[in-house]
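Reader: I would like to learn how to read sheets, helix packing and backbone angles in a model. Can we take them one at a time?

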Amino acid sequence: MTPDTFIKFGIDVLIIVIKIAVVLVIGLLHVAYATYFERKVIGHMQVRLGPMRVGPHGLLQPFADGIKLFFKEDLIPEKADKVVFYLAPVIFMASAMVNLAFIPFSHNFIIADINIGLLFIFAIAGIGVYGIFISGWASNSKYAFIGGLRSSAQVISYEIAMGFSLVGVMIMAGSLNLTEIVRAQENSIFGMYAIPQIVGFVIFVIAAVAETNRTPFDLPEAESELVAGYFVEYTGFRFALFFLGEYIAMFIMASLCTVCFLGGWTLPWYVLKVLPFLQHVPGIVWFLIKVYAFIFFYYWIRATVPRYRYDQLMSIGWKILIPVALANILVTGLVKILL
Amino acid sequence: MDQVEKIFETRELNVNMGPQHPATHGVLRLVLDLDGETVVNVTPYVGYLHRGIEKLGESLSYFQALPLTDRMDYVSAMSNNIGYVVAVEKLFGIEAPERAKFIRTMVGEMSRISNHLLWLATHALDIGAMTVFLYCFREREWILELFEKICGARLTVTYPRIGGVRNDITQEFLESLWKFTEEFPSRILEYETLIDQNRMWLKRTIGIGVISAEEAVNWGLTGPTLRGSGVPYDVRKFTPYDAYDRVEFDVPVGTEGDTYDRYRCRMIEMRQSNNIVRQCIEKLPPGPIMADAPKFTLHPKDAMFPITHPTKEHAFYIDEKVCKGCGMCLRACPVKAITGEKKKPHKIDQAICLQCANCLAVCKFKALKIVPGGKGLSEDKLKELAQAPLPEEITKAKEHLVEHFTFIKRGPRAPEGDLYVATEVPKGELGFYFVSDGSGKPYRMRVRAPSFIHAGVLPRLCVGHLVADVIANIGTIDIVLGECDR
């Protein structure tokens, strides 16, 4: 090993560490302000103001919440399975955070540009279910237990629909690498896969809501019947870890949607043709705009619709979404062969 | 397979829902036996909010028991008050004047609207629709503000009185109420836009908690919970009280008897109530607001003003020679301004005294003296002034005050006998059953609380459904535990 290669290696590592630091800090800050954003958006939809007290327009509210959660007493049920109880939020949070590494935020701004990025995200997101499930189990509480069971059943069934909905994208792009999926969209006729893959897109959006346990599929934490579901026994910072994990998972889903269906950091060519000056805007701006539009959509749903019942949710997943997704794969494949 | 079954015994999951639970509308406790998500058995337990209101009613005079009824169904306190006063008026054989009747009908319907708004809000929130909750509270707040304009209280109003209402309403109030009734139908449309045709709402409510008309009657259901099953029973129509026979309204009924039908019934009822309020405003006659029955109704308080009005700066003084030290005034004083040992003359601390005249009313030995305009004077000066004869105006007021006090304490002498009077509160049929032994207090006061009877039907509605439907069913029967447990 020559000193040259050694230095090169060192620089590469440094760049990766910097990227990780940036993504981590931005990711956590994002969560803090995603909660603020949610409360403001829903607040205004519900003819109220949302947080207003801490800082101007309540801008410091997320920090107040964080500090509060940090200093809360850490309560553990006496009969809980202690080790698993400690482990569950960590698994949940970590699996959500790891996924940040595979998201291409912009041209060349990705921590790990691996060829099976899409699959990897699914695999890691699947691990998150363990966090939910074992937290429900370890709490030794019936409410948490039902919540955990519901959640694992729900997440597993919707993961199938979600995976299938993305197969169309994989076929069209001919790759599992997220960067390449974006590039393939850039060069396609429509500029984004949301138009030719409209069926897959709709299924993905529905499944993403279910995957992240949001209204109307928030059955695992249905506050009216299960109080808070699987994390009902968690307090203080352990609770915050679940909370963080959920919001990061939301961010991951929004990013995945942006990357696979909305063209990632690129704009469709026809938009650039009409408004050529837009190409000077850095790609990350478009990426974030798309992601936040999607997150806004999450909030919008939450403020609008009631909650599904457990059996209804399952029947939607298995009887509608999965067959339709399969049909979509078939049609996409046929079109790909014929063209 | 057989072997596995032998090793693993399966049994239902026993879940305790409540008494602390966000969706059991207070302190209802349900013990659920679950087979997976399916409910096998439900046992409701009530009594966590028992305050002995029926028993308390026996030791309080008819006037004094009125504020207790606020605390039963605190969501629609006005209706409960009306239910009570209507029953007591029947017992006394008196009738409220026309104007009071119309006012009571009006505020009763306002209360119905506010109750149904809260019901819709919580029912929708239980099913997961968050925004409806806040929209409903926006209008409920409006109604509560209108209540505040009438009587100064928002929730526990105690506005109706035996034989009428507490105070007359103003033109300004009527105008703002009219504005509300003009605006309100469009607000109902707003809620319906959110949930009425929403597929998720329909899926969660249609076919849930179905109960047939016959069964509903057998279970003793009343109000919208019964009408959802298609039985057009409404106390307001069948035995009209107050001014209900002079206003026009329809009684909405459902067909299927499921949660959705009950929801529709209540939504239409809100519109009907709105109409009734409008009719009451239009037809409101002039005249007195209290029945002319001095034996049974509270006396006007104006006659006591020379003593009790805050601008009159009287001082109260205990004549040491007369005072026997019985301690009555000591106990009556709300601010503990009176001190002194037993069997020794008491003393009033003028710095603390509020001039409320409570001690004056209870003193049996006439030891308490009023010193007109004596506020802030020294003890010696008061002693000197206390010997002077009082102006006639104050003497009269004093007599009136003492008389008023004993009247409230002792209560109006009701005719002997017993009777049951029902009124239609938002939750159903609220009945008061009195047994009177001719004294100023009922020998027995029994309340037929719709919430209590509705809570009993929960097992019938829930068994066989899923956990989430239990919540929907608790919402649809519209119970308030304050009334249920009493």
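Author: Yes, and bear in mind that this is a predicted model. In chain B, strands E1, E2 and E3 form an open sheet in the order E1-E2-E3, with antiparallel pairing.

Reader: Which strands are the edge strands of this sheet?

Author: Strand E1 (13–17) and strand E3 (38–45) of chain B are the edge strands, each pairing on one side only. From one strand to the next the twist averages 20°.

Reader: What holds such strands together, in general?

Author: Strands of a sheet pair through backbone hydrogen bonds, either parallel or antiparallel. Here strand E2 (residues 29–35) of chain B is joined to E3(B) by 7 bridges, and the two run antiparallel. To place one bridge, take B:Val31: its partner in E3(B) is B:Thr43.

Reader: What is the strand order of the sheet that contains E10 of chain B?

Author: That open sheet has 3 strands in the order E10-E11-E12 (chain B), and the pairing is antiparallel. Strand E10 (417–425) and strand E12 (442–448) of chain B each have a single partner strand, so one side of each has no neighbour in the sheet. Ignoring direction, neighbouring strands of this sheet are turned by 15° against each other on average.

Reader: Which helix packs on this sheet, and which strands does the helix touch?

Author: Helix H4 (residues 77–92) of chain B packs on the sheet and touches E10 and E11 of chain B. The direction of H4 makes about 150° with that of E10(B).

Reader: How many bridges join E10(B) to E11(B)?

Author: There are 9 bridges between E10(B) and E11(B), which run antiparallel. These two strands form a hairpin with 2 residues between them. Across the pair, B:Leu419 stands opposite B:Phe434 in E11(B).

Reader: What joins strand E11 of chain B to E12(B)?

Author: Strand E11 (residues 428–436) of chain B is joined to E12(B) by 6 bridges, again in an antiparallel arrangement. B:Gly431 is the residue opposite B:Arg448 in E12(B).

Reader: Now the helices. What describes a packed pair?

Author: Two packed helices are described by the angle between their axes and the distance between the axes. For helix H5 (residues 98–127) and helix H6 (residues 130–151) of chain B, the axes come within 8 Å and cross at roughly 160°. Angles over 145 degrees count as roughly antiparallel, and H5(B) and H6(B) are therefore roughly antiparallel to each other.

Reader: Is the crossing of H5(B) and H6(B) left-handed or right-handed?

Author: H5(B) passes H6(B) in a left-handed crossing. The residues that meet include B:Val107, B:Met110, B:Ile113 and B:Leu117 in H5(B), and B:Phe133, B:Phe137, B:Arg140 and B:Ile143 in H6(B). By class, this contact has 18 nonpolar, 1 polar and 2 charged residues.

Reader: At what angle do the axes of H6(B) and helix H7 of chain B cross?

Author: The axes of H6(B) and helix H7 (residues 171–195) of chain B cross at roughly 170° and come within 10 Å. H6(B) and H7(B) are therefore roughly antiparallel to each other. Among the residues that make the contact are B:Tyr135, B:Trp142 and B:Lys149 of H6(B), with B:Phe180, B:Phe184 and B:Arg187 of H7(B). The contact of H6(B) with H7(B) has 13 nonpolar, 2 polar and 4 charged residues.

Reader: What should I look for in phi?

Author: Most residues other than glycine have a negative phi, and most peptide bonds are trans. B:Thr158 has a positive phi, near 50°, and B:Asp478 has a positive phi near 55°.

Reader: Where do B:Thr158 and B:Asp478 lie?

Author: B:Thr158 lies in the loop between H6 and strand E4 (160–161) of chain B. B:Asp478 lies in the loop between helix H20 (467–476) and helix H21 (481–485) of chain B.

Reader: Is B:Asp478 buried or exposed?

Author: A residue counts as buried if 20 or more other C-beta atoms lie within 10 Å of its own. B:Asp478 has 26 other C-beta atoms within 10 Å, so B:Asp478 is buried. B:Thr158 has 18 within 10 Å and is partly exposed.

Reader: How many residues of chain A are in contact with chain B?

Author: 22 residues of chain A are in contact with 28 residues of chain B. Helix H8 (223–226), helix H11 (283–304) and helix H12 (310–338) of chain A each supply at least two residues of the side of chain A that touches chain B. By class, that side has 10 nonpolar, 5 polar and 7 charged residues.

Definitions and conventions: Residues numbered from 1 in each chain as written. Chains lettered and ligands numbered in written order. Predicted model: local features only at pLDDT ≥ 70, side-chain atom pairs only at ≥ 80, totals over all residues. Contact = placed C-beta atoms within 7 Å. Helix = DSSP H or I, 4+ residues; strand = E, 2+ residues; numbered from the N terminus. Nonpolar A, V, L, I, M, F, W, Y, C, P; charged D, E, K, R; others polar. Axes fitted to C-alpha atoms, helices over the stretch in contact; angles between N-to-C directions. Parallel < 35°, antiparallel > 145°, perpendicular 65-115°, else oblique. Left-handed = near helix turned anticlockwise from the far one by under 90°. Pairing = 2+ DSSP bridges. Buried ≥ 20, exposed ≤ 12 C-beta atoms within 10 Å, placed from the backbone.
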